[in-house]
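Please look through the sequence and the model before reading further. The explanation is meant to be followed with both in view.

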Amino acid sequence: MKPTTILIADDEPEIADLIALHLGKEGYRCIKAADGREAVQAVQTHAIDLAILDIMMPQLDGYEVTRQIRERHHLPIIFLSAKASDLDKITGLVLGADDYMTKPFNPMELVARVNAQLRRAQLLNQPAPDARAVIEAGGLIIDPEQRSVWRYGRPVELTPKEFDILYLLAAHPKKVFSAEHLFQAVWGEVYYENGNTVMVHIRTLRKKLGEEHDKQKWIKTVWGVGYTFNG
């Protein structure tokens, strides 16, 4: 099994070395790039699983590197930059970054965010029904293309997050998802004791599906573990 490979693109060697040291302790293989062109070349010549990019780099800045990576690759990208304004963060995320941290930073928090993004990518890449396939189970119809849900022939109005939770569970009917995995997959953010957020959405979703009154329970709680689809 090949090791997970992380690209660290930063023109400050001390920072790149510090990141590589902490990620190396987690068992990750690290490839370092001192400028934007080296970063793009690294993605083209190595099987990179995640990239950590500075924004203000020589040759090509982090924004341009992200544009070029996104033309052919879907790997997670984390910006790590001294540019701390909201506009900078929004620009990075709009261009396709998955997360944004500002310098100075806590190396352990960066490791946690790397782990979260890799888990999310692995979860989304798991074998599942065709992305546009309609799921039918016990009177429930879930159409991912139209993002619509029908219960016994009647439409169910769900928020985007509620739909994403339901479809993720229904697409993996035998898998138990922890609150942490659901949060990371649906919200795309690092999990910091956000189990209550997931619990509230599950409770509302169950209510909208009529589980309070029907014998059919589509979402099953596995106590101490998480949630699974009970189609």
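The paragraphs below go from the whole protein to its sheets, one helix and the nonpolar cores.

This is a predicted model, in which local features need pLDDT of at least 70 and side-chain atom pairs count only at pLDDT 80 or more, while totals for chains, interfaces and linings use all residues. Residues are numbered from 1 along each chain as its sequence is written, and side-chain values use heavy atoms, with hydrogens and water left out.

The protein contains eight helices and eleven strands; helices (H or I, at least four residues) and strands (E, at least two) are DSSP runs numbered from the N terminus. Its C-alpha trace spans about 60 × 40 × 35 Å along the principal axes. Of the 231 residues, 45% are buried, where buried means under 20% relative accessible area, exposed over 50%, and partly exposed in between (1.4 Å probe, protein chains only). Contact means heavy atoms within 4.5 Å. Among contacts between residues at least 6 apart in sequence, 57% join residues at least 24 apart.

One open sheet is built from five strands in the order 2-1-3-4-5, with parallel pairing; two strands pair if DSSP finds at least two bridges between them. Strand 2 and strand 5 (99-102) are its edge strands, each pairing on one side only. From one strand to the next, the twist averages 20°. Strand 4 (residues 77-81) and strand 5 run parallel and are joined by four bridges, and Phe79 stands opposite Tyr100 in strand 5. Helix 3 packs on this sheet, where it touches strand 3 (50-53) and strand 4, and its direction makes about 175° with that of strand 4. Such angles run from 0 to 180 degrees between N-to-C directions, with axes fitted as lines to C-alpha atoms, for helices over the stretch in contact.

Helix 2 (residues 36-45) shows how a helix can have two faces. Its buried residues are Gly36, Ala39, Val40, Ala42 and Val43. They lie on the same side of helix 2 because they cover an arc of only 155° around the axis, the arc being that of the directions from the helix axis to the C-beta atoms. The buried residues of helix 2 pack against strand 1 (5-9), strand 2 (29-33) and helix 3 (62-72). The face turned away from the buried side carries the exposed residues Gln44 and Thr45.

The other open sheet to consider has four strands in the order 6-7-8-9, paired antiparallel. Its edge strands, strand 6 (135-137) and strand 9 (154-156), each pair on one side only. Three bridges join strand 8 (residues 148-151) to strand 9, and Arg151 has Arg154 as its bridge partner in strand 9. Helix 6 (residues 160-171) packs on the sheet and touches strand 6, strand 7 (140-143) and strand 8.

What lies in the largest nonpolar core? A nonpolar core is a set of buried Ala, Val, Leu, Ile, Met, Phe, Trp, Tyr and Cys residues joined through side-chain atoms within 4.5 Å. The largest one has 31 residues, and those with the most contacts inside it are Ile142, Val149, Leu166, Leu169 and Leu209. Helix 6 gives the largest share of this core, eight residues. Leaving aside neighbours within four places in sequence, Leu169 is in contact with residues including Phe177, Leu182 and Ile202. A second, separate core of 22 residues includes Val40, Ile77, Ala97 and Tyr100. In soluble globular proteins, nonpolar side chains tend to be buried together.
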